[in-house]
Amino acid sequence: MFASLLVPTLTLLFPVGLSSLPLVINTWPFKNATAAAWSALQSGGSVLDAVEKGCACCEMEQCDGSVGYGGSPDESGETTLDAMIMNGDTMEVGAVGDLRRIKNAIGVARAVMEHTDNTLLVGESASVFAENMGFIAEDLTTNKSVNIFSQWLKGNCQPNYRKNVFPDPSESCGPYKPRATVRGNKRPQHANTRSHDTIGMVALDRNGHMAAGTSTNGLTHKVPGRVGDSPIVGAGAYADSSAGGAAATGDGDVMMRFLPSYLAVELMRAGADPSAACKTAISRIKRHYSDFFGAIICANTTGHYGAACNKVPGLSQFHYMVSNSESGSPILKSVDCF
């Protein structure tokens, strides 16, 4: 019934990627991450190895300041990390949120998957788990993140993501207390291309094994403890080797409410082309939040791929990377937002 309701509404508005395995596809122009994942596949590594190495590359290179250490300090000036990895064969997932002091978030996520029966660990307890697993505790602060935080404080903590509190969050820093009366607030504008550059990656080998993963340091100036869509299964990413994989990037507080990656994979399972599946997943969010900042990449089991994005100021075209047997190396792709 699900398929019969959805498939007739889908149209092919974007070109379909070439069908060619193996395949690595990831959000944003993070070429070195794509190359690291592709190299892992070419050297005999698994799709999980590829996704882990690709995302870890971005963590170490601090891609656009939005992945890895030293970026996106929260209201207290601390950088914390979110990541997940999913095995499309077994449907196993490992994820971490609000991870502190550990640079290799995607590695810790894989450790959660492989060394526990749990799916998601968060906060200080996730960091303790990581240290027990042999990951090194390090200060994630850099001169850059200290400067970002300092300038934010000097600007009366603008922007921030508080509402219905006093003192007035549009003019003052906290500590905040709740207002007795909750007022209807216009949702703050989060559309900043340097605040949401999560790396999301999907890898598919020549035997049809699929994996997906994400890594990010979250939203700049976020409320401490905030976890975005990246480590949430079906929101930040999703993989099912019998249907396809997808990964999202953008305004996670909005996007996680719609599980766009899960939706896109289910649409591909029902027969939708990856580009159409991506567009439908974005459209579902757009109906409720027309000005949200976001994009998604999709790949099906045959290696066809696509992407879609919501058009807002600062995002009229979305760039992503692809490497497959046709290209032999990472190629920059783009799609016009709608």
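This passage describes the nonpolar core, one open sheet with its covering helices, and the charged pairs of a predicted model.

Because the model is predicted, local features were accepted at pLDDT of at least 70 and side-chain atom pairs at pLDDT 80 or more, whereas totals for chains, interfaces and linings use all residues. Residues are numbered from 1 along each chain as its sequence is written, and side-chain values rest on heavy atoms, with hydrogens and water left out.

The largest nonpolar core (buried Ala, Val, Leu, Ile, Met, Phe, Trp, Tyr and Cys residues joined through side-chain atoms within 4.5 Å) comprises 90 residues, and V96, I296 and F318 have the most contacts inside it. Its largest share, 8 residues, is supplied by helix α3 (residues 47-61). Helices (H or I, at least four residues) and strands (E, at least two) are DSSP runs numbered from the N terminus. Contact denotes heavy atoms within 4.5 Å; residues up to four places away in sequence not being counted, V96 touches, among others, L81, V108, L121 and P231.

An open sheet of 4 strands, paired in the antiparallel sense, follows the order β9-β10-β11-β12. Since β9 (237-240) and β12 (305-309) stand at the edges with a single partner strand each, one side of each lacks a neighbour in the sheet. On average, neighbouring strands are turned by 10° against each other, direction ignored. Pairing of strands requires at least two bridges found by DSSP. β10 and β11 are joined by 7 bridges, and A248 stands opposite I296 of β11. Strand β11 (residues 294-300) pairs with β12 over 5 bridges; here C298 has G306 as its bridge partner, and I297 stands opposite A307. The hairpin of β11 and β12 has 4 residues between the strands, and within it G303 takes a positive phi near 95°.

Buried residues have under 20% relative accessible area, exposed residues over 50%, and partly exposed residues lie in between (1.4 Å probe, protein chains only). In β11, 7 of the 7 residues are buried, so the strand is largely enclosed by the rest of the structure. G294, I296, C298 and N300 point one way from β11, and A295, I297 and A299 point the other way.

Two helices lie across this sheet. Helix α8 (residues 260-269) lies across β9, β10 (244-250) and β11, at about 150° to β10, while helix α9 (residues 274-286) lies across β11 and β12, at about 25° to β12. These angles run from 0 to 180 degrees between N-to-C directions, the axes being lines fitted to C-alpha atoms, for helices over the stretch in contact. Helix α8 is mostly covered, 8 of its 10 residues being buried.

The structure holds 12 salt bridges, each defined by a side-chain nitrogen of Lys or Arg within 4 Å of a carboxyl oxygen of Asp or Glu. In the pair of R162 and E75, the closest N and O atoms are 2.6 Å apart. R162 lies in the loop between α6 (143-154) and β5 (165-166), and E75 in the loop between α3 and β2 (81-87), so the pair ties together parts 87 residues apart in sequence. R162 is partly exposed at 30% relative accessibility, whereas E75 is buried at 16%. R110 and E114 form a salt bridge (2.9 Å, N to O) within helix α4, 4 residues apart. By contrast, D98, in strand β3 (residues 93-99), is buried without a salt bridge, the nearest side chain of opposite charge being K222 at 5.6 Å (Lys and Arg count as positive, Asp and Glu as negative; His and the chain ends are not counted).
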